[in-house]
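Explain how this chain is held together, going from charged pairs to rings, cores and strands. Use plain terms that a first-year student can follow.

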Amino acid sequence: MLTYSLEERGSLPLYEYLYRCIREDILDGTLAAGERLPSKRALAEHLQLSVITVENAYRQLEAEGFLLSQPRRGFFAAAVERLSAPVPPVALPQEAEEPVWRLDLTSGQVDAARFPVSVWARLTRQVLSEGGAALLAPVHRQGLPALRRAIAGDLRDRKGMAVAPEQIVVGAGAEYLYLLLAQLLEGTAFAVEDPGYPKIRKVYGRCGAVCRLVPLDGQGVAPEALAASGAGVLHLSPSHHYPTGLVTPIGRRQALLRWAEDQDGVIIEDDYDSELRFTGRPIPTLQSIDDGGRVVYMNTFSQTISPSMRLGFMVLPPRLLERYRRELGFYACTVPALDQHVLARFLAGGHYEQHLSRMRKEYRARRDRVLEAFRTSPFAGRIAISEQGAGLHFLLRLDTARSDGELCRRGEELGVRLDFLSEYAALPRPEYEHTLVVNYAGLKADGLSRAMELLAEVFAE
């Protein structure tokens, strides 16, 4: 007869303690496979428990496969593998704490204080109060129709893009959309800009895509290098490249479209920060001059609303839309319904355009103050600034005998975090050395003087 010391159960319910005791006996071989267990009533009387307690323990063991029940015969121990010796717990590696920087020139995140939180909160309350069952209903796999209509309207009004809501696919940020594109265009080599945003080639590479590096000249992706790469897909940011800031002129854009037509290729236009252009008219998108349906346009709200929102979208040309629905249409939309409902109202109500107008005004003024601070700094005679009146970063070339690595280490010692153009290049080139990528979004007016003092220490020969 099975005997267990019930006094050792601690705070566990009786049935759970009994279940654990019998399970351990089966796992360690005390109860052999096929061995019959006492009847529920016999075991209850032996342990002075209620029959229902024993029955609950037996039923849980049966549900997990430790016991087999045979009509009119009772319960029998199942054949299970015996436990090996317990493995001692392995100490998990500690997650490194982010250092606190006195000055960080690498963060391009927008200033959250500028976002109209009260408007967003009001729209959220409206959605919650009016949504009802619709708010809990499954969202279309390409995204909420109302949001896709609002995005299509915004692209038409601000960028002159004639796209149908049906062409738009909403997803959880740019990196998720990269994953979808890698699957959609599987088997084709991807040409990526070098230097360029490292995550692009990392995501494509982890998806099994072959990435071919194509160098940039003064106008962006060089067509000759692109043709020589043998790639069938080109991923680029023609309106404001990161990190060089290059803007691809119309002649080069037409040459790239001809390449796509001749090679039966696809161009992925990553328009990540075109909303933050401070001088002149917005640059027309590559998609808007594409007559052959070769361009996939993609953008996110990370630069204009918040990176934590994780909401982006892509516009597929008709030929790829059909393929997407056929091959990847089983994917559910990855953005929460509430966020989509609120953003749809934020766009349709004109709040987004107003927010962008305030953002451009604020960051134009901030950029001007930052540039002036650099031009009047103690090291002004040793720097050359390159910027295109757009985005939240610019390039600063420093006349120095120190290597980029030395400057980074010296900066870290002083609590200053630096970013160099050479770090974005997979293939090192001398012309990329000594050029800082300055993300100025976090540089506020009251901290500029101290920032220049810190950089003067870092740059000192």
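In this predicted model, Arg 367 has a relative accessible area of 8%. That is under the 20% cut-off, so Arg 367 counts as buried. Its side chain meets that of Glu 387 in a salt bridge, with 3.4 Å from N to O. This pair links distant parts of the chain, 20 residues apart: Arg 367 belongs to helix 13 (residues 351-375), while Glu 387 sits in the loop between strand 12 (383-386) and strand 13 (393-398). Glu 387 has a relative accessible area of 30%, so Glu 387 is described as partly exposed.

Side chains of opposite charge can pair when their charged atoms come close. Across the whole structure, a search finds 26 salt bridges. Another of them joins the side chains of Asp 271 and Lys 159, at 3.3 Å from N to O. Here the two partners are 112 residues apart: Lys 159 is in helix 6 (residues 145-159), and Asp 271 is in the loop between strand 9 (266-270) and strand 10 (295-300). Are these two residues buried or exposed? Both Asp 271 and Lys 159 are buried.

A further salt bridge, also listed with 3.3 Å from N to O, is formed by the side chains of Arg 360 and Glu 353. Arg 360 counts as buried because its relative accessibility is 18%. Glu 353, by contrast, is partly exposed, with a relative accessible area of 34%. Returning to the partly exposed Glu 387, its bridge to Arg 367 ties helix 13 to the loop between strand 12 and strand 13. Elsewhere, salt bridges that share partners join Asp 154, Arg 158, Lys 159, Asp 271, Glu 275, Glu 353 and Arg 360 into one network.

Next come the aromatic rings. The structure holds 18 aromatic pairs. In one of these, the rings of Phe 374 and Phe 394 have their centres 5.8 Å apart and their planes at 85°, so the pair is edge-to-face. Phe 374 lies in helix 13 and Phe 394 in strand 13, so the pair ties together parts that are 20 residues apart in sequence. Both rings belong to buried residues. Ring pairs also link a cluster made of Phe 115, Trp 120, Tyr 297, Phe 301, Phe 313, Phe 346 and Tyr 352.

Phe 374 comes up again in the nonpolar interior. The largest nonpolar core has 35 residues, and Phe 374 and Leu 455 are those with the most contacts inside it. Which elements give two or more residues to this core? They are helix 13, strand 13, helix 14 (404-413), strand 15 (435-439) and helix 15 (448-459). Helix 15 provides the largest share, 7 residues. Leaving aside residues up to four places away in sequence, Phe 374 touches a set of residues that includes Phe 379, Ile 385, Phe 394, Val 438, Met 452 and Leu 455. Another core lies apart from this one and has 32 residues, among them Ala 152, Ile 168, Val 342 and Leu 343.

Strand 15, one of the contributors to the largest core, is mostly covered, with 5 of its 5 residues buried. In a regular strand the side chains alternate between the two faces of the sheet. Both faces of strand 15 are covered: Thr 435, Val 437 and Asn 439 are buried on one side, and Leu 436 and Val 438 on the other. Strand 15 pairs with strand 13 in the antiparallel sense over 5 bridges. Within this pairing, His 393 has Asn 439 of strand 15 as its bridge partner.

Helix 2 (residues 40-47) offers a contrast in how its residues are arranged. Its buried residues are Leu 43, Ala 44 and Leu 47. They cover an arc of only 100° around the axis, which puts them on the same side of helix 2. The face turned away from this buried side carries the exposed residues Arg 41 and Glu 45. Helix 1 (14-27) and helix 3 (51-63) are included in what covers the buried residues of helix 2. Just after helix 2, Gln 48 takes a positive phi of about 60°.

Technical notes: Residues are numbered from 1 along each chain as its sequence is written. This is a predicted model: local features need pLDDT of at least 70, side-chain atom pairs count only at pLDDT 80 or more; totals for chains, interfaces and linings use all residues. Side-chain values use heavy atoms; hydrogens and water are left out. A salt bridge is a side-chain nitrogen of Lys or Arg within 4 Å of a carboxyl oxygen of Asp or Glu. Helices (H or I, at least four residues) and strands (E, at least two) are DSSP runs, numbered from the N terminus. Buried means under 20% relative accessible area, exposed over 50%, partly exposed in between (1.4 Å probe, protein chains only). The arc is that of the directions from the helix axis to the C-beta atoms. Contact means heavy atoms within 4.5 Å. Rings of Phe, Tyr and Trp (its six-membered ring) pair if their centres lie within 6.5 Å; planes under 30 degrees apart count as stacked, over 60 as edge-to-face and the rest as tilted. A nonpolar core is a set of buried Ala, Val, Leu, Ile, Met, Phe, Trp, Tyr and Cys residues joined through side-chain atoms within 4.5 Å. Two strands pair if DSSP finds at least two bridges between them.
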